[in-house]
Number of protein chains: 2
Amino acid sequence: MFAGCPFKILGQPKFVYDGKWLKMREVRFRKCDSSPEQVWESVHRRRDSNSKPDGVDVLAALHKDGKKYFILIKQYRIPMAGMCLEFPAGLIDDGETIEAAGLRELKEETGYTATKVLSCTKGKQGLSPGLADESLNFMMVEVDGDAPENKNPKQNLGDGEVIEVVLVECDRLLSYVELICTEVYVESVVYAFALGMNYAQRFL
Amino acid sequence: MFAGCPFKILGQPKFVYDGKWLKMREVRFRKCDSSPEQVWESVHRRRDSNSKPDGVDVLAALHKDGKKYFILIKQYRIPMAGMCLEFPAGLIDDGETIEAAGLRELKEETGYTATKVLSCTKGKQGLSPGLADESLNFMMVEVDGDAPENKNPKQNLGDGEVIEVVLVECDRLLSYVELICTEVYVESVVYAFALGMNYAQRFL
């Protein structure tokens with residue numbers, strides 16, 4: 001399982017804790033024969049190993065009354081013990097395609113129906129590769145806010161979800177996250193996207 | 001600790017596994033009185049709780065011979081069991097400022113000395129808020145590649161690190177990650193930054 005690894009892996013990976021949703025793993029290794037033995041702990045979702053990422057983040061641009069907004073969500077996250085600003089997102093169900101999962105999660109979490117899928121990333125993007133093997137894909141969609149199905153968006157939330165929809169004008173995303181980032185946890189991918197937009201506008 | 005939480009937290013959070021670096025936590029909750037009891041498992045770094053984020057990601061633009069490059073790194077990640085393309089980054093040491101940590105990690109991991117700090121985010125940006133409380137800040141820096149200290153950059157790596165420096169022309173970041181994302185795991189913040197740049201260029 002550690003093909004291409006530059007470290008010397010010692011023995012077998014060991015699952016040291018087995019929870020309902022998560023497992024904790026310990027891998028013992030050396031950088032080279034003369035280096036001290038080290039241990040790398042990591043966390044893994046309980047799932048059948050497969051080629052798909054765990055989840056999908058939906059970057060949705062809402063066109064409405066001649067303006068453009070990103071559809072973001074704010075929700076309380078028990079692991080962080082606080083409110084987080086995030087892209088609509090969710091885990092991909094068994095047998096579900098990445099695009100279908102993204103469209104479903106956008107609809108459930110925000111009530112909006114995507115009008116057009118602009119792009120979907122390939123491979124798996126690691127969320128926190130030093131800590132976990134969790135991964136996702138990004139899907140970019142356009143939402144026609146003037147279409148009948150998007151006039152009165154209604155969420156359809158699960159038992160563990162309380163979600164507020166936040167619309168942010170596209171060209172103000174960075175100033176918005178800069179303003180609220182000390183009040184709520186802004187998810188790192190949202191902040192990185194905003195910094196990327198700003199970088200392109202200033203320097204390219 | 002769960003101030004502002006919309007869920008009904010049941011009992012005290014319980015640490016169910018205590019490793020060398022990581023701890024696993026279980027929180028029992030209900031969405032409301034009539035909802036079923038649920039459990040939220042999460043992972044937490046062993047650290048003194050403090051107001052700083054765990055780490056810092058350095059978004060470094062190298063100016064060299066009239067061209068601009070992002071300084072990225074590629075490294076094998078044991079949790080992912082594969083190679084990852086990432087921003088230079090690292091944990092913030094006790095007593096260290098975020099900026100000092102960012103400059104130190106850039107130098108250690110890539111050999112480059114930043115010439116100018118352009119910005120540093122505030123608050124804490126969650127990396128995977130449904131899974132962990134891990135957080136970081138982003139620091140943007142400029143590196144003068146024609147300066148004497150950056151002519152022959154030399155890494156200074158730790159015992160658990162094997163890192164390759166990757167320079168990608170700034171305006172080609174998205175096409176680069178699109179090309180390699182099925183061969184290596186592209187860290188989600190790198191991909192999100194590239195998508196943000198592309199979004200601004202196409203739509204704003």
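**Rings, copies and loops in a predicted model**

User: In this predicted model, which residue of chain A lies over the face of Phe15(A)?

Analyst: A charge counts as sitting over a ring if NZ of Lys or CZ of Arg is within 6 Å of the ring centre and within 35 degrees of the ring normal. The residue in question lies at 4.3 Å from the ring centre of Phe15(A), and it is Lys23(A). In chain B, Phe15(B) has its face covered at 4.3 Å from the ring centre by Lys23(B).

User: How many aromatic pairs are found over all chains, and which residues do ring pairs link into a cluster?

Analyst: The search of the whole structure finds 17 aromatic pairs. Ring pairs link residues from chain A and chain B into a cluster: Phe70(A), Phe87(A), Phe193(A), Tyr199(B) and Phe203(B).

User: By what turn can chain B be laid on chain A?

Analyst: The fit has an RMSD of 0.0 Å, with a shift of 0.0 Å along the axis and a turn of 180°. The two copies are therefore related as by a two-fold rotation axis. The same surface serves both copies, as the contact residues of chain B recur in chain A at 100%. The turn asked for is 180°.

User: Where does Asp65(B) lie, and is it buried or exposed?

Analyst: Phi of Asp65(B) is positive, near 50°, in a residue other than glycine. Most residues other than glycine have a negative phi. Asp65(B) lies in the loop between strand E4 (55-64) and strand E5 (67-77) of chain B. Exposed means over 50% relative accessible area, and Asp65(B), at 64%, is exposed.

Note on methods
Residues are numbered from 1 along each chain as its sequence is written. Chains are lettered from A and ligands numbered from 1 in the order in which they are written. This is a predicted model: local features need pLDDT of at least 70, side-chain atom pairs count only at pLDDT 80 or more; totals for chains, interfaces and linings use all residues. Side-chain values use heavy atoms; hydrogens and water are left out. Rings of Phe, Tyr and Trp (its six-membered ring) pair if their centres lie within 6.5 Å; planes under 30 degrees apart count as stacked, over 60 as edge-to-face and the rest as tilted. Copies are superposed by least squares on the C-alpha atoms of residues with pLDDT of at least 70 in both. Contact means heavy atoms within 4.5 Å. Helices (H or I, at least four residues) and strands (E, at least two) are DSSP runs, numbered from the N terminus. Buried means under 20% relative accessible area, exposed over 50%, partly exposed in between (1.4 Å probe, protein chains only).
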